[in-house]
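Biologist: I would like to learn how to read a model of this kind, one feature at a time. Could we take it slowly, beginning with how helices pack?

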Amino acid sequence: MAISTKLEMRQSQSLIMTPQLMQAIKLLQMSNLDLVAYVEAELERNPLLEKGEGEAGEQGASSEPVLENAQDASVNASEGFDGAGDEPNSGDWMQSDLETGSEAIASRMDTDLGNVFPDEPGVPASPDPALLKTGDSYKNVSSGGASEDYNLEAFVADEVSLGTTLEEQMNLALSDEADKLIAGHLINSLDENGYLYIDLGEAAEQLGVDVARIESVLAVLQTFEPAGVFARGLAECLKLQLIDKNRFDPAMEALIENIELLAKRDLPGLKRICSVDDEDLVEMIAEIRALDPKPGSVFGSSLVQPVVPDVFVKKANDGTWTVELNSDTLPKVLVNQTYYARIVKTARDETEKEYLTESLQTANWLAKSLDQRAKTILKVSTEIVRQQDGFLTYGIEHLRPLNLKTIAEAISMHESTVSRVTSNKYMATSRGIFELKYFFSSAISATVGGDAHSAESVRHRIRQMIDAEDPKSILSDDTIVKILKGDGVDIARRTVAKYREAMKIGSSVQRRREKNVRL
């Protein structure tokens with residue numbers, strides 16, 4: 001076989017991921033909080049964008065805000081979509097071509113487009129020192145001017161951290177500077193739960209002191225609030241809290257030293273080791289459960305953001321379900337084309353014209369993408385409601401098995417688009433707030449050829465059976481399998497065990513030990 005070089009021509013098609021298309025994909029899977037932050041950044045970067053809070057005709061803005069009548073944008077789930085009036089290929093908007101002129105500007109300027117719009121000059125980085133001499137400095141240095149409202153968040157006290165709390169107690173409990181240095185090192189070595197997972201020998205070598213001195217300082221630190229901090233394990237953490245409550249007697253000490261038996265629910269073994277009867281053991285276990293295994297977690301934690309639903313599902317008068325978008329989570333933007341038409345005439349060179357043109361295209365793209373994102377969420381949510389009508393009406397036992405492909409085929413979208421839409425989106429129903437992905441679960445086949453069962457509904461039935469079981473007749477996994485098969489659910493014993501462990505339910509042996517002690 002001869003090896004030679006030759007020139008060939010081939011024709012192929014490929015999808016080019018333009019920057020705007022990549023941003024559109026990212027925009028679709030953003031949560032409402034991330035979307036608001038992204039739009040705020042675009043409003044600062046693009047001079048042609050305005051926040052659409054008032055009427056559409058204000059300040060010469062001539063573009064429709066995103067779902068201007070979002071409160072009226074509802075779809076009856078029973079009617080579905082017939083595609084009438086839709087734009088060509090509007091079923092999967094992620095596959096449509098988006099206009100962009102960013103390549104030419106980026107190649108010419110040799111920089112990312114995010115660097116094209118610098119911050120406005122002339123804004124001082126810090127307040128004028130002369131203003132601080134006046135009596136009303138908090139008014140003079142206000143970033144929004146005297147006409148704007150105060151930012152109430154600026155007056156909220158900072159969150160108290162675990163380290164700050166411990167340092168305040170350290171300054172009161174210790175007077176020697178060397179001991180304070182050791183204590184500061186130990187405080188900085190705590191994890192977020194208040195545990196001390198360091199080697200005291202290495203710490204002594206690092207600080208140049210004896211291990212006995214570090215242990216002496218540690219003994220003082222272990223008396224600080226919250227009780228249980230500076231523990232080097234779960235058993236020591238529980239011990240410190242019991243000492244603080246004056247409940248660390250010999251029986252409780254034996255229980256703490258054999259805490260692994262409590263995890264295994266070996267209650268007869270614990271009674272024998274602690275030399276107590278059933279009633280005393282139940283009380284001791286109740287005291288252990290009332291303790292905090294993570295005493296430091298209440299400090300310095302990140303703020304918990306409330307779940308804001310993207311979609312509301314309400315029951316109509318005719319018994320069907322109505323799906324509405326939550327307009328409060330939809331940021332509205334306006335494209336000020338009047339301002340563009342006026343300022344483009346004053347452009348000094350071609351570069352400024354290209355910059356304004358690019359800004360206009362980006363603004364139009366963002367307004368269109370936000371509108372299309374909202375419509376896509378509404379479309380996917382409506383189909384989910386149509387598929388899971390039984391769950392909304394009767395409860396979790398009627399949750400149908402559902403996958404992304406079923407929804408995608410029903411609304412003529414790509415499966416990956418549905419996956420992005422259901423990420424970080426929440427639906428408010430009469431049964432609570434659920435993430436859209438909650439309604440997707442695998443199918444468990446029926447025994448007699450009936451409809452398949454949702455894995456989530458099967459897990460719910462397993463929990464119901466275990467909660468209602470007789471303490472004198474604990475259900476084994478094999479017994480649960482027989483009951484489910486009698487109800488038409490074809491399930492294996494290992495699947496029941498997997499579901500039970502995922503719900504953190506003990507085995508039949510563990511449940512029998514625990515419930516017999518309660519008797």
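**Reading the model**

Modeller: This is a predicted model, and a good place to begin is a pair of helices: H6, residues 177-188, packs against H8, residues 211-221, at an angle of about 70 degrees, with their axes 10 Å apart. Because angles of 65 to 115 degrees count as roughly perpendicular, H6 is roughly perpendicular to H8.

Biologist: Which residues of H6 and H8 make the contact?

Modeller: On the H6 side they are Ala178, Asp179, Ile182, Ala183 and Leu186, and on the H8 side Arg213, Ile214, Val217, Leu218 and Leu221. Sorted by class, the residues of this contact are eight nonpolar and two charged, with no polar residue.

Biologist: What follows H8 along the chain, and where does Pro226 lie?

Modeller: Pro226 lies in the loop between H8 and helix H9, which spans 234-244. The peptide bond that leads from Glu225 into Pro226 is cis, with omega near 0 degrees.

Biologist: And how should I read a backbone angle such as phi at Asn246?

Modeller: One looks at the sign of phi together with the residue type: Asn246 is not a glycine, and yet its phi is positive, at about 60 degrees. Asn246 is found in the loop between H9 and helix H10 (250-257), and with a relative accessible area of 69% it is exposed, because the cut-off for that word is over 50%. Lys504 also is not a glycine and has a positive phi of about 60 degrees; Lys504 lies in the loop between helix H21 (493-502) and helix H22 (508-518), and is exposed, with a relative accessible area of 79%.

Biologist: How does one look for empty space inside a model?

Modeller: Rolling a probe the size of a water molecule over the atoms shows where empty space is left. Here a search of the whole structure finds one cavity of 30 Å³ or more, and the largest cavity has a volume of about 40 Å³.

Biologist: Which residues line the largest cavity?

Modeller: The lining is made of Asn32, Asp310, Leu325, Thr329, Leu330, Arg373 and Ile377, and by class it has three nonpolar, two polar and two charged residues.

Biologist: Finally, what can be said of the chain as a whole?

Modeller: The chain has 22 helices and nine strands, and buried residues make up 39% of its 519 residues. Among contacts between residues at least 6 apart in sequence, 66% join residues at least 24 apart.

Notes:
Residues numbered from 1 in each chain as written. Predicted model: local features only at pLDDT ≥ 70, side-chain atom pairs only at ≥ 80, totals over all residues. Heavy atoms only, no water. 1 Å grid on protein atoms, 1.4 Å probe; cavity = no way out; pocket = protein on both sides within 12 Å on 5 of 7 lines; lining within 4 Å. Points joined across faces, edges and corners; volume = space filled by probe spheres on them. Nonpolar A, V, L, I, M, F, W, Y, C, P; charged D, E, K, R; others polar. Axes fitted to C-alpha atoms, helices over the stretch in contact; angles between N-to-C directions. Helix = DSSP H or I, 4+ residues; strand = E, 2+ residues; numbered from the N terminus. Parallel < 35°, antiparallel > 145°, perpendicular 65-115°, else oblique. Contact = heavy atoms within 4.5 Å. Buried < 20%, exposed > 50% of the residue type's maximum accessible area, 1.4 Å probe, protein only.
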